Amino acid sequence: MTMLALQNVSKSFGALTVTDDASFEVPKGQALGIIGPNGAGKSTLFNLITGNLRADKGSIHFEGRDVTHVSAMERCLTGIGRSFQIPQPFEKLTVYENLLVAATHGRNLSESDVRDDCADILERTELIKRANVAAGQLSLLERKRLELSRAMATQPKLLLLDEIAGGLTEGECQALIQTIKEIHAQGVTIIWIEHVLHALTSVVERLLVLDFGQVIGIGDPDEIMSSRAVQEIYLGIDV
Amino acid sequence: MIWIDTVIQGVLLGGLYALFASGLSLVFGIMRLVNLAHGDLIVMGAYLILVLVTLLGLSPFVAVLIAMPMMFAVGWLLQKFLLNRTLGDDILPPLLVTFGLSIALQNALLEGFSADSQRLPTNALTTASVDVGPITLGVMPLLTFGSAVLVIVALNQLFYRTELGRAFRATSDDATTASLMGIKPGNIFATATGIALVIVTIAALYLGLRANFDPNIGPARLIYAFEAVIIGGLGSLWGTLLGGIIIGVAQTVGAAINPEWQILAGHVAFLAVLLIRPRGLFPRVND
């Protein structure tokens, strides 16, 4: 079953085309990695999927339903969750409250229904000891974990991760990969934009390469990484 | 002994100013909106209570209970359909729109109720007093102060103990991210302004019972409210109460020295606090 399908999606800001006729599908339960040089339009692609930006052309289907013209909030309620490249927690709320907000509003439930879930998520993402600390006080790794936890609290069927491993030390990165693997193992479909390639390839089953807003390759990670086009464009190697 | 009495009367008067200011503080804290029509909305609330009292023959204390949901609706609609459209990165549009609203409200009230000053009907309760040792305290000032404390306790409970309060704080922190979590900032803002106008109605009751009002006194109430909020530190509700008390005490002490100094002394106290603590007494850390 297809979880997400983009058909000929385009987006321009003035004369600048940031997403150019992008088409791809993500089957349910798959983890797809997205790579591409800076400015290739990776985050824009996420914004189009979450509904923060509207596509100029083309269509986006989520679980078979056309969501091209559906608001970001509605898409969140139907199961598209995301983490941001730069963590954006509610700084004055505690870690636990951050999750409660996401869980109650993102799923339209009352607080008593989501308390246990939120505690579970914090347990899994190893933030439980920091539950009552204001989010503004967290370290970078903890903030990234909170981004992940908060996205999880909306119980997404599709989880979008935007450069979540960036800026972490090697050890921190490994710990985060472990958590993401566990989330994936539970059947959550993941699309992950990442510059830290080894982190990405240790989790995803498929890799998509974006350049100048165009999908220039999609397939098995090893094949994609060794393809000439990727080496030329993404790694900047003149082959 | 006269000085102790003066100071206590000032503290109680501060309760009224804190009531004026709490709604302003609430709205500013959640959506960074400075509502220049706040004072006129208080006066409008007082007229609404007066109309209910006159038409239905109710006691003001009963009329206020009917006026509160009506004012909530006014606030909700005002925010949803007018003020939400002015919010954005630029702080000027909300100032201009609420300034215009202030003028429109004053003139509408003038048209509807004339420039005659009005007063809510008083009864035995409103003129009663209690003796505490050598000091005599009016029941009305005590009720006003008690109401201010209750309003602030209730708002704090709402903010830190409820789901709605969490949504308020999350939206205040980052409205864009909040909307991604399924919160509708527009509705959250509308609810906040609705609650602010419920507090405005309570303030209007005490304004109308304690003194005369006419359509033109709104802007002066706005200034007292503003000063109380800024002395306390933007966004801190207990700070707002303290700010109200400081202005109240300054006014009664000023008046005791020379009756002409009452209003002046309040403003001077405000300026003095700003000189020493430019961000108010309890500023929020991140603003």
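Which residue of strand 8 of chain A does Leu32(A) stand opposite? In this predicted model, Leu32(A) faces Ile191(A), which belongs to strand 8 of chain A.

## The mixed sheet of chain A

The pair just named belongs to the pairing of strand 3 (residues 31-35) with strand 8 (residues 189-193) of chain A, two strands that run parallel and are joined by 4 bridges. These strands take part in an open sheet of 6 strands in chain A, whose order is 6-7-8-3-9-10 and whose pairing is mixed.

At the edges of this sheet stand strand 6 (80-82) and strand 10 (214-219) of chain A, each of which pairs on one side only. From one strand to the next, the twist averages 20°.

## The antiparallel sheet of chain A

Chain A also has an open sheet of 4 strands, in the order 2-1-4-5, and here the pairing is antiparallel. Its edge strands are strand 2 and strand 5 (65-66) of chain A, each paired on one side only. Helix 1 (residues 42-50) of chain A packs on this sheet, where it touches strand 1, strand 2 and strand 4 of chain A, and the direction of the helix makes about 65° with that of strand 2 of chain A.

Within the sheet, strand 1 (residues 2-13) and strand 2 (residues 16-27) of chain A run antiparallel and are joined by 8 bridges. These two strands form a hairpin with 2 residues between them, and in it Gly14(A) takes a positive phi near 60°. Strand 1 of chain A also pairs with strand 4 (residues 57-62) of chain A, again in the antiparallel sense, over 5 bridges. Leu4(A) can be followed through both pairings, since this residue stands opposite Val26(A) in strand 2 of chain A and opposite Phe62(A) in strand 4 of chain A. Strand 4 of chain A is in turn joined by 2 bridges to strand 5 of chain A, with the two strands running antiparallel, and in this pairing His61(A) stands opposite Asp66(A).

## Two domains in chain A

The domain assignment divides chain A into domain 1, made of 1-79 + 156-239, and domain 2, which covers 88-155. The C-alpha centres of these two domains of chain A lie 24 Å apart. Where the domains touch, the contact takes 12 residues from domain 1 of chain A and 13 residues from domain 2 of chain A.

On the side of domain 1 of chain A that touches domain 2 of chain A, helix 2 and helix 6 (170-185) of chain A each supply at least two residues. Helix 6 of chain A gives the most to this side, with 5 residues. Sorted by class, this side of domain 1 of chain A has 8 nonpolar, 2 polar and 2 charged residues.

## Helix 3 and helix 4 of chain A

The axes of helix 3 and helix 4 (residues 111-124) of chain A come within 9 Å and cross at roughly 130°, and the two helices of chain A are therefore oblique to each other. In passing helix 4 of chain A, helix 3 of chain A makes a right-handed crossing.

On the helix 3 side of chain A, the residues that meet helix 4 of chain A are Val95(A), Tyr96(A), Leu99(A), Leu100(A), Ala103(A), Thr104(A) and Arg107(A). Their counterparts in helix 4 of chain A are Glu111(A), Val114(A), Asp117(A), Cys118(A), Ile121(A) and Leu122(A). The residues of this contact between helix 3 and helix 4 of chain A divide into 9 nonpolar, 1 polar and 3 charged.

## Where chain A meets chain B

The contact between the chains takes 19 residues from chain A and 15 residues from chain B. On the side of chain A that touches chain B, the elements that give two or more residues are helix 2 (72-78) and helix 3 (95-107) of chain A. Helix 3 of chain A gives the most to this side, with 7 residues. By class, the side of chain A that touches chain B has 9 nonpolar, 6 polar and 4 charged residues.

## A helix pair in chain B

In chain B, the axes of helix 6 (residues 139-161) and helix 9 (residues 185-210) come within 11 Å and cross at roughly 170°, which makes helix 6 of chain B roughly antiparallel to helix 9 of chain B. Helix 6 of chain B enters this contact through Met140(B), Thr144(B), Ser147(B) and Val151(B), and helix 9 of chain B through Ile199(B), Ile202(B), Tyr206(B), Leu209(B) and Arg210(B). The residues of the contact between helix 6 and helix 9 of chain B divide into 6 nonpolar, 2 polar and 1 charged.

Notes:
Residues numbered from 1 in each chain as written. Chains lettered and ligands numbered in written order. Predicted model: local features only at pLDDT ≥ 70, side-chain atom pairs only at ≥ 80, totals over all residues. Contact = placed C-beta atoms within 7 Å. Nonpolar A, V, L, I, M, F, W, Y, C, P; charged D, E, K, R; others polar. Axes fitted to C-alpha atoms, helices over the stretch in contact; angles between N-to-C directions. Parallel < 35°, antiparallel > 145°, perpendicular 65-115°, else oblique. Left-handed = near helix turned anticlockwise from the far one by under 90°. Domains from an automatic or database assignment. Pairing = 2+ DSSP bridges.
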